[in-house]
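Grab a coffee and work through these short exercises. Try each one on the structure before reading its solution.

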Amino acid sequence: MSDEMQYHVELEPGDVADAVLLPGNPERLDKITPLWDDHEAVAHHREYRTATGTYDGADISVTSTGIGSPSAAIAVEELARIGADTFIRVGSCGAIQPEMEVGDLVITRGAVRQEGTSKEYVREDYPAVADEEVVAALVAAAERLGHDYHVGLTMSADSFYAGQGREGFDGFEAAGSEDLVEDLKEANVLNIEMETAAICTLANVYGLRAGAVCSVFANRTTGEFMTEGESVAAETASLAVKLLAKMDEVKAEAGADRWHAGLSLE
């Protein structure tokens with residue numbers, strides 16, 4: 001492995017901005033990049049499709065990761081090697097709290113590490129937490145855009161069926177699956193998806209910034225399902241990148257190491 005052309009994403013230094021959005025589905029780029037001022041396709045290899053452009057004058061990139069934490073971790077590894085330092089997962093999820101509506105946004109501040117990828121990097125009791133600047137930028141973006149959102153804990157699983165308490169083939173039920181969603185609900189976890197815990201864990205291990213904003217496609221408690229809100233999550237994440245760029249400018253002007261509530265973005 002080198003610090004030049006990366007094996008899986010087929011990118012090299014200069015191909016991406018400091019901040020990269022990470023959707024799972026490569027087709028989601030077609031809903032993200034039209035929101036920007038401009039963009040250019042950079043690479044497409046396997047599940048990793050990348051474009052770079054600007055949003056409201058801020059440099060921004062997007063790389064699809066495919067499904068699950070193993071491929072998401074590869075994207076973070078290789079993007080970091082060519083200079084990216086901020087990652088925002090833009091995805092879909094299943095909500096588990098009854099008051100959450102399909103189409104709402106979930107902004108993650110921490111994640112339950114039920115995936116296996118992060119365990120290969122660091123001990124199991126290491127927390128998967130989102131960067132506070134990324135969380136603040138995503139909240140500010142959702143507020144400015146008028147989108148309904150929730151902030152809280154996410155569970156990241158390693159499978160769509162058994163690992164999320166769904167029946168497998170021919171009615172198979174994994175041990176404990178009948179209680180999984182209810183146990184998470186009682187613990188005040190908001191949603192289930194498959195990548196956020198690994199992305200946040202790797203970012204913290206490497207001293208990078210990461211977070212996640214996901215559109216609710218289904219509510220596992222109410223049974224409601226609809227593919228709504230992909231563009232809403234993409235718009236929120238793109239504006240968050242702009243706000244993070246502004247935060248970095250304000251920090252530099254104030255001589256501060258971290259953005260905080262005493263610093264204005266106006």
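Helices here are DSSP runs of H or I with at least four residues, numbered from the N terminus. Keep in mind that this is a predicted model.

**Exercise 1.** Find the helix that holds Y206, then decide whether Y206 is buried, partly exposed or exposed.

*Solution.* Start with the helix: Y206 sits in helix 5, which covers residues 196–206. Next, take its relative accessibility, 37%. Partly exposed is the class between under 20% (buried) and over 50% (exposed), so Y206 counts as partly exposed. Finally, look around it on the surface: Y206 joins Y121 and V205 in a nonpolar patch of about 250 Å².

**Exercise 2.** Describe how helix 2 and helix 5 pack.

*Solution.* You need two numbers, because a packed pair is described by the angle and the distance between the axes. For helix 2 (residues 69–81) and helix 5, the axes come within 9 Å and cross at roughly 30 degrees. Then add the hand: the crossing is right-handed. Last, list who touches: helix 2 brings S69, A72, A73, V76 and E77, while helix 5 brings A198, I199, L202 and Y206.

**Exercise 3.** Look at the phi angles of D170 and N188, and place both residues.

*Solution.* First, the background: most residues other than glycine have a negative phi. D170 has a positive phi, near 60 degrees, and N188 has a positive one of about 70 degrees. Now place them. D170 is in the loop between strand 8 (149–156) and helix 4 (177–186), and N188 is in the loop between helix 4 and strand 9 (189–193). As a last step, D170 has a relative accessible area of 72%, so it is exposed.

Definitions and conventions
Residues numbered from 1 in each chain as written. Predicted model: local features only at pLDDT ≥ 70, side-chain atom pairs only at ≥ 80, totals over all residues. Heavy atoms only, no water. Patch = residues over 30% accessible without salt bridge, like charges linked within 9 Å, V, L, I, M, F, W, Y side chains within 5 Å. Areas by Shrake-Rupley, 256 points an atom, 1.4 Å probe, with all protein chains shown as cover. Salt bridge = Lys/Arg side-chain N within 4 Å of Asp/Glu carboxyl O. Helix = DSSP H or I, 4+ residues; strand = E, 2+ residues; numbered from the N terminus. Buried < 20%, exposed > 50% of the residue type's maximum accessible area, 1.4 Å probe, protein only. Axes fitted to C-alpha atoms, helices over the stretch in contact; angles between N-to-C directions. Left-handed = near helix turned anticlockwise from the far one by under 90°. Contact = heavy atoms within 4.5 Å.
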